Amino acid sequence: MYELMIRDGFAAAHNLRGYRGRCEHVHGHNYTVEAYFTSEKLDGTGLAVDFNILKKSLKKITDSLDHKYLNKDIPFFRKNNTSAENIAIFVYSGLKKSVKKAKVSKVCIWESEGSMAAYYEKSE
Ligand SMILES: [Zn+2]
């Protein structure tokens, strides 16, 4: 099994609804996104998938979030709180739809250098 990881980032504002503390107020993060992919085989060139294909797909998603007020500007977050956990499943679902050449296996959202939430599907 092969595993690939690509990293990108975006800057956005958010606030947590139903939370008591500093994060109930609007504030911003420079989020770092790590997306992991697995592939069982390599192509004739020795690649699982071209990194550029993966990076393009992730970039489309991070561009859609960049410099946005997530709670208001992104329909998904009008219903779902803008926790790092929910941002992780949002990115994961987007990659699952757009990347066909490898299987997205995990998405990590770093809210700060010391705080990360990940989403992955439970393996059978
Ligand atoms: Zn925050």
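**A walk across the sheet and its helices**

Start by selecting Ala 12 and His 29, since His 29 in β2 is the bridge partner of Ala 12. What you have open is a predicted model, in which local features require pLDDT of at least 70 and side-chain atom pairs count only at pLDDT 80 or more, while totals for chains, interfaces and linings use all residues. To find a residue in the viewer, count from 1 along each chain as its sequence is written.

**The whole chain**

Zoom out and colour by secondary structure: the protein has four helices and five strands, taken as DSSP runs numbered from the N terminus (H or I over at least four residues for a helix, E over at least two for a strand). Followed from the N terminus, these elements come in the order β-β-α-β-α-α-α-β-β. Measured out along the principal axes, the C-alpha atoms fill a box of roughly 55 × 30 × 25 Å.

**The strands**

Return to Ala 12 and select the two strands on either side of that first bridge, β1 (residues 2-14) and β2 (residues 27-39), which pair in the antiparallel sense over 13 bridges; strands count as paired if DSSP finds at least two bridges between them. Moving along this pairing, you will find Ala 11 opposite Asn 30 in β2, and also Glu 3 opposite Thr 38 in β2.

Ala 12 has a bridge partner in β3 as well, namely Lys 68, and here β1 and β3 pair in the parallel sense, over two bridges. Next select β4 (residues 103-112), which pairs with β2 in the antiparallel sense over seven bridges; one place to look is Thr 32, whose bridge partner in β4 is Trp 110.

Now show the five strands together, and they form an open sheet with mixed pairing in the order β3-β1-β2-β4-β5. Its edge strands are β3 (68-69) and β5 (115-119), each of which pairs on one side only.

**The helices on the sheet**

Add helix α1 (residues 51-65), which packs on the sheet and touches β1, β2 and β3, its direction making about 15 degrees with that of β1. Angles here run from 0 to 180 degrees between N-to-C directions, and axes are lines fitted to C-alpha atoms, for helices over the stretch in contact.

Then add helix α4 (residues 84-98), where you will also find Ser 93. This helix lies across β2, β4 and β5, and it runs at about 145 degrees to β4. If you draw the C-alpha to C-alpha distance from Ser 93 to Ile 109, you should find 14 Å, for two residues that are 16 apart in sequence.

With α1 and α4 both on screen, what are the angle between them and the distance between their axes? They pack at an angle of about 140 degrees, with their axes 10 Å apart. To see where they touch, select Ser 57, Leu 58, Lys 60 and Ile 61 in α1, which meet Val 91, Gly 94, Leu 95 and Ser 98 in α4; contact is defined by C-beta atoms, placed from the backbone, lying within 7 Å.

**A last look at the contacts**

Finally, bring the whole protein back into view: among contacts between residues at least 6 apart in sequence, 66% join residues at least 24 apart.

Methods
Contact = placed C-beta atoms within 7 Å.
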